[in-house]
Amino acid sequence: NQVRGFISQRFPNKCGTLYLTGVHKDYWNQSFSDKDISLSYSNQWGRLNYSFSFTQRKAGVEQKWKDEYMLSLSMPIGNSARAPFLTNYVSKNSDRTSVNTGISGNLGEDNQFSYNVSWAHDSKNNDTWSGNVSEYTTPVYLTASYSADNNHTQQWSAGARGAVVLHPGGVTLSNDLGDTCAIIHAEGAS
């Protein structure tokens, strides 16, 4: 079972937004539960988006409250509407401090291509590099991703998602469908 609560307060005169989030998770046949309480603030300064958050988390068998702090900064690189976004995260908890830097964006006439590359480093000298690309065009959604770290671990994946509709008039390929779809045969229509 999971119970989630969320409250937000937007301040006037471009003074940002404050968020309070709480999550409680129970697990089947387990004596413990996970709890998260998070307070965060976000705002924009010029083209820079920034946010701060403080989270208290109680999870697993250990059931000790742990604190986590996070700072997030993001901004477009360039002035065009399709300028890529540079995003940086810094987080700190009782175990480690982590830094993550990434660049993401869209390409194509209809923004049908998207990409993301990132690098993560923590205070225990772990480094991870990752990237993913996707294309959303009719009739299929294609994805590919790759990651590697300084412990010589590599992972890659590729995927394709779409739908095949069989009907008296033949076969139609499509992007994802909802619970209901309809095929309309309009003879002579252009």
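Me: In this predicted model, is L18 to be read as buried, exposed or partly exposed?

Reply: Since the model is predicted, the reading rests on computed values, and the band for partly exposed residues runs between 20% and 50% relative accessible area. L18 has a relative accessibility of 31%, so L18 counts as partly exposed. The residue lies in strand β2, and Q9 has L18 as its bridge partner in that strand.

Me: Which residues join L18 in the nonpolar patch on the surface?

Reply: A patch takes residues with over 30% relative accessible area and no salt bridge. Here I7, F11, L20, I37, L39 and W65 join L18 in a nonpolar surface patch, whose members together have about 620 Å² of accessible area. At least two residues of the patch come from β2 (17–26), and at least two from β3 (33–45).

Me: How do β1 and β2 pair, and what lies between them?

Reply: In a regular strand, side chains point alternately to one face of the sheet and the other. In this case β1 and β2 pair in the antiparallel sense, with nine bridges, and the two strands form a hairpin that has six residues between them, where N13 in the turn shows a positive phi of about 60°. Strand β1, covering residues 2–10, is hardly covered, for the count of buried residues among its nine residues is zero.

Me: How many salt bridges are there, and which side chains does R57 meet?

Reply: Oppositely charged side chains can pair when their charged atoms come close. The count here is three salt bridges. In one of them the side chains of R57 and D36 meet at 2.9 Å, N to O; R57 lies in strand β4 (residues 48–58) and D36 in strand β3, so this pair ties together parts that are 21 residues apart in sequence. R57 also forms a salt bridge with E68, where the closest N and O atoms are 3.7 Å apart. Because R57 lies in β4 and E68 in strand β5 (residues 65–76), that pair ties together parts eleven residues apart in sequence. As for cover, R57 counts as partly exposed at 31% relative accessibility, and D36 is partly exposed with a relative accessible area of 21%.

Me: Where do the partners D122 and R96 lie, and are they buried or partly exposed?

Reply: The side chains of D122 and R96 meet in a salt bridge of 2.9 Å, N to O. This pair links distant parts of the chain, with D122 in strand β8 and R96 in the loop between β6 (85–93) and β7, 26 residues apart. At 8% relative accessibility D122 counts as buried, whereas R96, at 28%, counts as partly exposed. Salt bridges that share partners join D36, R57 and E68 into one network.

Me: What can be said of the loop residues N126 and Q112?

Reply: For such residues, cover and contacts may be read together. N126 is found in the loop between β8 and β9 (127–137), counts as partly exposed at 26% relative accessibility, and, leaving aside neighbours within four places in sequence, is in contact with R96, A120, H121, N150 and N151. The C-alpha atoms of N126 and S98 are separated by 9.2 Å, with their places 28 residues apart along the chain. Q112 lies in the loop between β7 (97–107) and β8 (113–122) and is buried, with a relative accessible area of 19%. With the same neighbours left aside, its contacts are L107, S134, E135, Y136 and T137.

Definitions and conventions:
Residues are numbered from 1 along each chain as its sequence is written. This is a predicted model: local features need pLDDT of at least 70, side-chain atom pairs count only at pLDDT 80 or more; totals for chains, interfaces and linings use all residues. Side-chain values use heavy atoms; hydrogens and water are left out. Patches are made of residues with over 30% relative accessible area and no salt bridge: like charges are joined within 9 Å, nonpolar side chains (Val, Leu, Ile, Met, Phe, Trp, Tyr) within 5 Å. Accessible areas come from the Shrake-Rupley method with a 1.4 Å probe; for residues, only the protein chains shown count as cover. A salt bridge is a side-chain nitrogen of Lys or Arg within 4 Å of a carboxyl oxygen of Asp or Glu. Helices (H or I, at least four residues) and strands (E, at least two) are DSSP runs, numbered from the N terminus. Buried means under 20% relative accessible area, exposed over 50%, partly exposed in between (1.4 Å probe, protein chains only). Contact means heavy atoms within 4.5 Å. Two strands pair if DSSP finds at least two bridges between them.
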